[in-house]
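Trainee: I should be grateful for a close look at one part of this model, set in the context of the whole.

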Amino acid sequence: MLASAELPEGARRVVHAEGRDLAVVRVGGIVYAIDNVCPHRNGELGHGDLQGHHLYCPLHAWCFDVRTGKAFFPEGAKVECFEVKEEGGRIWARRRLP
Ligand code: FES
């Protein structure tokens, strides 16, 4: 999906995987991936501001936790959160099993 070197600490990228665009970030050395599309009005989360584990939508600042996909603001909003594996200098993401 993405080379590890393309995602340094604090970086965010938009990557196509699992048939959709994902917002992929690295925080504290760990890679997280959530759906790139904001449920409010389709803002691209992967182009938003990353502060710690909080990723802010660039359009109206809804704020999502990259560890869970759940929004801090507004409460109750959510995007899908993907399972991530980093191995051999590559990053992979896939849907979580139910
Ligand atoms: S489109 Fe994301 S907050 Fe409005």
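Trainee: How many aromatic pairs does a search of the whole structure find? Thereafter, please examine strand S4 (residues 30–35) closely.

Mentor: This is a predicted model, in which local features need pLDDT of at least 70 and side-chain atom pairs count only at pLDDT 80 or more, whereas totals for chains, interfaces and linings use all residues. Residues are numbered from 1 along each chain as its sequence is written, and side-chain values use heavy atoms, with hydrogens and water left out.

The search of the whole structure returns zero aromatic pairs; such a pair requires ring centres of Phe, Tyr or Trp (its six-membered ring) within 6.5 Å, with planes under 30 degrees apart counted as stacked, over 60 as edge-to-face and the rest as tilted. One ring does have a charge over it: the charged end of Arg90 sits over the ring of Trp92, 5.9 Å from its centre (the criterion is NZ of Lys or CZ of Arg within 6 Å of the ring centre and within 35 degrees of the ring normal).

As for the setting of S4, the protein contains 10 strands and zero helices (DSSP runs numbered from the N terminus, with at least two residues in state E for a strand and at least four in H or I for a helix). Six of the strands form an open sheet in the order S1-S10-S9-S4-S3-S2, with antiparallel pairing (two strands pair if DSSP finds at least two bridges between them). S1 and S2 stand at the edges with a single partner strand each, so one side of each is left without a neighbour in the sheet.

S4 pairs with S3 (residues 20–27) in the antiparallel sense over six bridges. Here Ile30 of S4 is the bridge partner of Val27. The two strands form a hairpin with two residues between them, and Gly28 in the turn has a positive phi of about 60°. S4 also pairs with S9 (residues 81–87), again in the antiparallel sense, over two bridges. In that pairing, Ala33 has Phe82 of S9 as its bridge partner.

Five of the six residues of S4 are buried, so this strand is largely enclosed by the rest of the structure (buried means under 20% relative accessible area, exposed over 50% and partly exposed in between, with a 1.4 Å probe and protein chains only). Across the protein, buried residues make up 41% of the 98 residues.

A loop residue may be set beside this strand. Ser4, in the loop between S1 (2–3) and S2 (12–17), counts as buried because its relative accessibility is 16%. Apart from neighbours within four places in sequence, Ser4 is in contact with Arg26, Glu86, Gly89, Arg90 and Ile91 (heavy atoms within 4.5 Å). The side chains of Ser4 and Glu86 are joined by a polar contact of 2.6 Å.

Elsewhere, Gln51 is found in strand S5 (residues 49–51) and is partly exposed, with a relative accessible area of 43%. Gln51 and His40 are 11 residues apart in sequence, and their C-alpha atoms are 20 Å apart.

Finally, the C-alpha atoms of the protein fill a box of roughly 40 × 30 × 20 Å, taken along the principal axes. Among contacts between residues at least 6 apart in sequence, 34% join residues at least 24 apart.

Terms used
A polar contact is a pair of N or O atoms within 3.5 Å; within protein, one must be able to donate a hydrogen and the other to accept it, and residues adjacent in sequence count only if both atoms are side-chain atoms.
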